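This report goes through the fold, pockets, salt bridges and surface of one protein chain.

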Amino acid sequence: MIVVIKANANPEKQDQLINWLKAMGIGVHKSVGEYQTVLGLIGDTSKVDMDLIESLDIVESVKRVTETFKCCNRKFHPEDSVIRVGDVRIGGGHFAMIAGPCSVESEEQIVGIAKAVKASGAAMLRGGAFKPRTSPYDFQGLKGEGIELLKIARAETGLPIVTEIMNLKDLPLFDDIDVLQVGARNMQNFDLLRELGTLNKPILLKRGLANTLKELLMSAEYIMASGNEQVILCERGIRTYSDYLRNTLDLSAVPMLHELTHLPVIVDPSHATGIARIVPPMALAAAACGADGLIIEVHNDPLHALCDGAQSLTPDAFDTLAKRVLAVRAAAGCGTEG
Ligand code: PEP
Ligand code: MN
């Protein structure tokens, strides 16, 4: 907190204020300039009544400079965090592509897609086992069986697996999952976030449909304040005025988040746009603006997908895109791969 003292303020009153603050256990750094004196308050100022100080006749203004988010704040951790998943690294110049179907549907489907996306350079496999669907009548995922099929795909390909957890009661099923995804709808499920903060594994935290960047960071803070610093943020589009697209991809969130936090930021152009043919241009744009990775829906047979077929790339389309993404990163002077 910073207190600006009025020019020519009574020195005795200034001392009284300083002594009062010190009596509350707050350190005071006084800096006397030519035209004004500034008091820098150090320590836990959360209980200091800003309005009371501002009302004093010797005080010009009061400003809180402490940030609401601390663990994920770049000010307190200037270096980029690099999140490790087995041999894969994300952040700090390391870029990773995560690809796979919206939902795990069968062993043949998930293993086939895993092999294809691996051959195209994907570093991790995504696949939903528990699906948050808008309609309760839509396919809700294979649940526990889907998790088992993901493990088979990992065993066949060596790709780490990423899948969404919706409910804490399912946590034991996720013991052997490499990265737990918190979906957009659960971004502010604070009990879930707090519990995931007690784990020692990376959490992929997606931005909510109508959440600000500060709210996203506060959600990351829930996980980190509980002890788990391995958080990957994901911009996946927000609700605005888009009529022809599923959401609006807020790519300016990527450089802004990079300024605010040391955590890696990846982009999901699939849920952001909802249309397979719009996914490649937005994936390339995400790569160009410095995203640390991409998460992209890929399906062997999008026309018959049980979920999100319209936005799913075929393995061939993903292969073409993956090469172009690397070319864009190289052209934009981004960091290393993998
Ligand atoms: C998903 O990744 O399949 C998903 C449901 O994403 P979101 O939470 O971003 O809607
Ligand atoms: Mn999906």
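The text below describes a predicted model, starting with the chain as a whole.

**Overall architecture.** The chain is built from 10 helices and 14 strands. Its C-alpha atoms fill a box of roughly 80 × 45 × 40 Å along the principal axes. Of its 338 residues, 51% count as buried.

**Pockets.** The largest pocket has a volume of about 330 Å³. It is lined by 23 residues, and the closest to its centre are Pro132, Arg185, Arg246, His271 and Asp308. The lining of the largest pocket divides by class into 12 charged, six polar and five nonpolar residues. The second largest pocket has a volume of about 150 Å³. Of the 18 residues in its lining, Gly92, Gly93, His258, Gly290 and Asp292 are the closest to the centre. Here the lining has nine polar, five nonpolar and four charged residues.

**Salt bridges.** The count for the model comes to 15 salt bridges. Three of the pairs are listed here, with the N to O distance for each.

| Basic residue | Acidic residue | N to O distance |
|---|---|---|
| Arg133 | Asp138 | 3.8 Å |
| Lys169 | Asp170 | 3.4 Å |
| Lys323 | Asp319 | 2.6 Å |

In the first row, Arg133 is partly exposed at 23% relative accessible area, and Asp138 is partly exposed at 34%. In the second row, Lys169 counts as exposed at 63% relative accessibility, whereas Asp170 is buried at 10%. The third pair lies within helix α10 (residues 315-331), where Lys323 and Asp319 are four residues apart, about one turn of the helix. Lys323 is exposed, with a relative accessible area of 54%, while Asp319 is partly exposed at 23%. Apart from these pairs, Arg154, Asp176 and Asp178 are linked in a network of salt bridges.

**Two loop residues.** Asp250 lies in the loop between β12 (231-235) and α7 (253-260). Its relative accessible area is 17%, so Asp250 counts as buried, the cut-off being under 20%. Asp250 and Ala123 are 127 residues apart in sequence and 24 Å apart in space, C-alpha to C-alpha.

Met24 sits in the loop between α1 (11-23) and β2 (27-32). With a relative accessible area of 39%, Met24 is partly exposed. Together with Trp20 and Leu52, Met24 forms a nonpolar patch on the surface, and the three have about 270 Å² of accessible area together. Patch residues need over 30% relative accessible area, so Met24, at 39%, meets that cut-off.

Terms used:
Residues numbered from 1 in each chain as written. Chains lettered and ligands numbered in written order. Predicted model: local features only at pLDDT ≥ 70, side-chain atom pairs only at ≥ 80, totals over all residues. Heavy atoms only, no water. Patch = residues over 30% accessible without salt bridge, like charges linked within 9 Å, V, L, I, M, F, W, Y side chains within 5 Å. Areas by Shrake-Rupley, 256 points an atom, 1.4 Å probe, with all protein chains shown as cover. Salt bridge = Lys/Arg side-chain N within 4 Å of Asp/Glu carboxyl O. Buried < 20%, exposed > 50% of the residue type's maximum accessible area, 1.4 Å probe, protein only. 1 Å grid on protein atoms, 1.4 Å probe; cavity = no way out; pocket = protein on both sides within 12 Å on 5 of 7 lines; lining within 4 Å. Points joined across faces, edges and corners; volume = space filled by probe spheres on them. Nonpolar A, V, L, I, M, F, W, Y, C, P; charged D, E, K, R; others polar.
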